[in-house]
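Let's go through this one as a chat, asking how each label is earned. Have a look at the picture first.

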Amino acid sequence: MGQDTNLSVPSRENSISLISSGRLRHIAFIMDGNGRWAKKRGMPRKFGHSYGASKFKEVVRYCGDIGIEFVTVYAFSTENWGRPEDEVASIMKLLSDYLGECEKTADKDNLKMRFIGDLSPFDRAFRDRVEALEKRTADHKNSLNIALNYGGRDEIVRACRRLAEKGEPITEKAVSDSLDTAGIPDPDLIVRTAGEQRLSNFLMWQSAYSEFYFTDVLWPDMTPREVDKAVSEYFGRQRRYGKV
Ligand code: IPE
Ligand code: IPE
Ligand code: MG
């Protein structure tokens, strides 16, 4: 009677209590399918990005509501510069608008903002705003990491270069601590929408033992219910970390 009859799938309440026990601290999203979503509607791709951006805010809020401490989203990859100029410009405009919104609402939403990726191609004013926002929100509760001009390979190379410049020994811990994600636990669960089953250069180092959830849902059609499904499936998995 309106209840989930599949006993092997934890209910939303069960998931919330498992999350609060610390078994799922970090979810990362590869927000894919904006272009296809727009195309299906005969609209330009940028329309999909704009609708996708509003979904992103809803999903981040929902993850906070169910107690997820860390959310990371793939917003723009090092490879995405290869898209048509007007599409890149529309994504950058959305990101800059979002930064403006965060400057107003990050305190109320208790969001601890962090940008990962190589921000060096962006202008000084943008980087200063990012830095100020990160500093200002550093004590907030819900971590939101935005991957912008992010590539896993690029991140690893930049980390190793930094260590080499300092003449420090290259160990796993030293590399982890030199990545853009230093101090952020590895993602427990990586969710990719739109049917593609690949990493596309996202969190390559950090995903060594992540669980993956793939859905055909296009990102602009993403819902809290789909997050619930990913989370329940995650709690049905056995993470062995190479042990028995
Ligand atoms: C993901 O949607 C958003 C970004 C990569 C910025 P896409 O734009 O890749 O959408 P599809 O994959 O073409 O449908
Ligand atoms: C990955 O999606 C990048 C982001 C979601 C920002 P892409 O659409 O760029 O990845 P590919 O090209 O399908 O691998
Ligand atoms: Mg895509």
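Q: What makes the pair formed by ligand 1 and the side chain of Arg 83 a polar contact?
A: Keep in mind that this model is predicted. An oxygen atom of ligand 1 is 2.6 Å from an N or O atom in the side chain of Arg 83. The cut-off is 3.5 Å, so this pair counts as a polar contact.

Q: And why does the pair with Gly 33 count as a polar contact?
A: Here a backbone N or O atom of Gly 33 is 3.3 Å from an oxygen atom of ligand 1. That is within 3.5 Å, so the pair counts. Asp 32 has a pair too: an N or O atom of its side chain is 2.8 Å from a ligand 1 oxygen.

Q: How much of ligand 1 does the protein bury?
A: Ligand 1 taken alone exposes 380 Å², and 86% of that is buried by the protein.

Q: How do you know that ligand 1 sits in the largest pocket?
A: The test is that more than half of its atoms lie within 2 Å of the pocket's grid points. Ligand 1 is found to sit there, so it passes that test. The pocket holds about 730 Å³ of space and has 34 lining residues, among them Met 31 and Tyr 74.

Q: Which residues surround ligand 1, and which helix gives the most?
A: There are 13 around it, and the closest include Met 31, Arg 36 and Arg 45. Helix 2 gives the most, with three residues. By class, the shell has three nonpolar, five polar and five charged residues.

Note on methods:
Residues numbered from 1 in each chain as written. Chains lettered and ligands numbered in written order. Predicted model: local features only at pLDDT ≥ 70, side-chain atom pairs only at ≥ 80, totals over all residues. Heavy atoms only, no water. Near = heavy atom within 4 Å. Polar contact = N/O pair within 3.5 Å; in protein donor to acceptor, adjacent residues only side chain to side chain. Areas by Shrake-Rupley, 256 points an atom, 1.4 Å probe, with all protein chains shown as cover. 1 Å grid on protein atoms, 1.4 Å probe; cavity = no way out; pocket = protein on both sides within 12 Å on 5 of 7 lines; lining within 4 Å. Helix = DSSP H or I, 4+ residues; strand = E, 2+ residues; numbered from the N terminus. Nonpolar A, V, L, I, M, F, W, Y, C, P; charged D, E, K, R; others polar. Points joined across faces, edges and corners; volume = space filled by probe spheres on them.
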